[in-house]
Amino acid sequence: MSIWWSLHLRREAASVPLARRLLIGTMETAGVDPDISYDLSVALSEACANAVEHGGDATHGGSSEAYRVTAYLDGEKCRIEVTDSGPGFTRAPGVRPARTDAEHGRGLCLIRELADHVHIGSKPGRSGTVVSFDKILKWRKDAPLMAV
């Protein structure tokens, strides 16, 4: 059983809960364990929030720039990719622990804690960042679309 979807979203704060609700709804319908769904939805929210805040193209500016979210539920794994049009990274992003009272700077750390595998890098050949992460799925006993 495979499910995938892709969204092209405006870099606006309202797009973050939209992407999160779609992911949760997809996983709930498929029968994914609620704890796994929650972990992935938090990681997705953090990746989307980073794209909204940092993912704009300075040459075009404004909040009308978009980013893309793609989710794949394939067999026993879910992979999520969030791609933006920002400046990207000139070097590999260091993920250092944020202070516990910090209001910013915890997103990449949370993604790394909640997912099984994380890759953060620049888009090949152009500006922008790709955050991809995956997690092994667990299924509810009554899962209608459980991987066989």
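These exercises, with worked solutions, take you through one predicted model.

Residue numbers start from 1 along each chain as its sequence is written. In this predicted model, local features need pLDDT of at least 70, side-chain atom pairs count only at pLDDT 80 or more, totals for chains, interfaces and linings use all residues, and side-chain values use heavy atoms, with hydrogens and water left out.

**Exercise 1. The overall plan**

Task: State how many helices and strands the chain has, and in which pattern they follow one another.

Solution.
- Step 1. Know the terms. Helices (H or I, at least four residues) and strands (E, at least two) are DSSP runs, numbered from the N terminus.
- Step 2. Count them. The chain has three helices and five strands.
- Step 3. Read along the sequence. The pattern is β-α-α-β-β-α-β-β.

**Exercise 2. Cover and contacts**

Task: Find what share of the chain is buried, and what share of its contacts joins residues 24 or more positions apart.

Solution.
- Step 1. Set the cut-offs. Buried means under 20% relative accessible area, exposed over 50%, and partly exposed in between (1.4 Å probe, protein chains only).
- Step 2. Apply them. Of the 148 residues in the chain, 43% are buried.
- Step 3. Turn to the surface. Accessible areas come from the Shrake-Rupley method with a 1.4 Å probe; for residues, only the protein chains shown count as cover. The chain's accessible surface is about 8,600 Å², and carbon and sulfur atoms hold 53% of it.
- Step 4. Look at contacts (heavy atoms within 4.5 Å). Among those with a separation of 6 or more, 66% join residues 24 or more positions apart.

**Exercise 3. Helix α1**

Task: Check the span of α1, then work out where its buried residues sit.

Solution.
- Step 1. Use the rule. The expected span is 1.5 Å times one less than the number of residues.
- Step 2. Compare. Helix α1 (residues 15-30) has 16 residues, so it should span 22 Å; its end C-alpha atoms are 23 Å apart, which agrees.
- Step 3. List the buried residues of α1. They are S15, V16, A19, L23, T26, M27 and A30.
- Step 4. Place them. They cover an arc of only 115 degrees around the axis, so they lie on the same side of α1. The arc is that of the directions from the helix axis to the C-beta atoms.
- Step 5. Turn to the other side of α1. There R21, E28 and T29 are exposed.
- Step 6. Find the packing partners. The buried residues of α1 pack against β1 (2-10), α2 (34-54), β2 (66-74) and β3 (77-83).
- Step 7. Look just after α1. G31 has a positive phi of about 100 degrees there.

**Exercise 4. The sheet**

Task: Give the strand order, and explain why β1 and β4 each have one side without a neighbour in the sheet.

Solution.
- Step 1. Define pairing. Two strands pair if DSSP finds at least two bridges between them.
- Step 2. Write the order. The open sheet runs β1-β2-β3-β5-β4, with antiparallel pairing.
- Step 3. Find the edges. β1 and β4 (117-122) stand there with a single partner strand each, so one side of each has no neighbour in the sheet.
- Step 4. Add the twist. It averages 10 degrees from one strand to the next.
- Step 5. Place α2. This helix packs on the sheet and touches β2, β3 and β5 (129-136); its direction makes about 175 degrees with that of β5. Axes are lines fitted to C-alpha atoms, for helices over the stretch in contact, and angles run from 0 to 180 degrees between N-to-C directions.
- Step 6. Place α3 (residues 107-114). It also packs on the sheet, touching β4 and β5, and its direction makes about 145 degrees with that of β4.

**Exercise 5. Strand pairs**

Task: For each pair, β2 with β3, β3 with β5 and β4 with β5, give the number of bridges.

Solution.
- Step 1. Take β2 and β3. Seven bridges join them. T70 faces E81 in β3, and R68 has T83 as its bridge partner.
- Step 2. Look at their turn. The hairpin has two residues between the strands, and G75 in the turn has a positive phi of about 65 degrees.
- Step 3. Take β3 and β5. Seven bridges join these antiparallel strands. I80 pairs with F133, and R79 stands opposite D134.
- Step 4. Take β4 and β5. They pair over six bridges. Here H117 has D134 as its bridge partner.

**Exercise 6. Two residues**

Task: Decide whether C78 and S37 are buried or exposed.

Solution.
- Step 1. Locate C78. It lies in strand β3.
- Step 2. Judge C78. Its relative accessible area is 0%, so C78 is buried.
- Step 3. Name its contacts. Leaving out residues up to four places away in sequence, C78 touches L40, Y72, L73, F133, D134, K135 and L137.
- Step 4. Locate S37. It lies in helix α2.
- Step 5. Judge S37. At 6% relative accessibility, S37 is buried.
- Step 6. Name its contacts. Beyond its neighbours within four places in sequence, S37 is in contact with M27 and V32.
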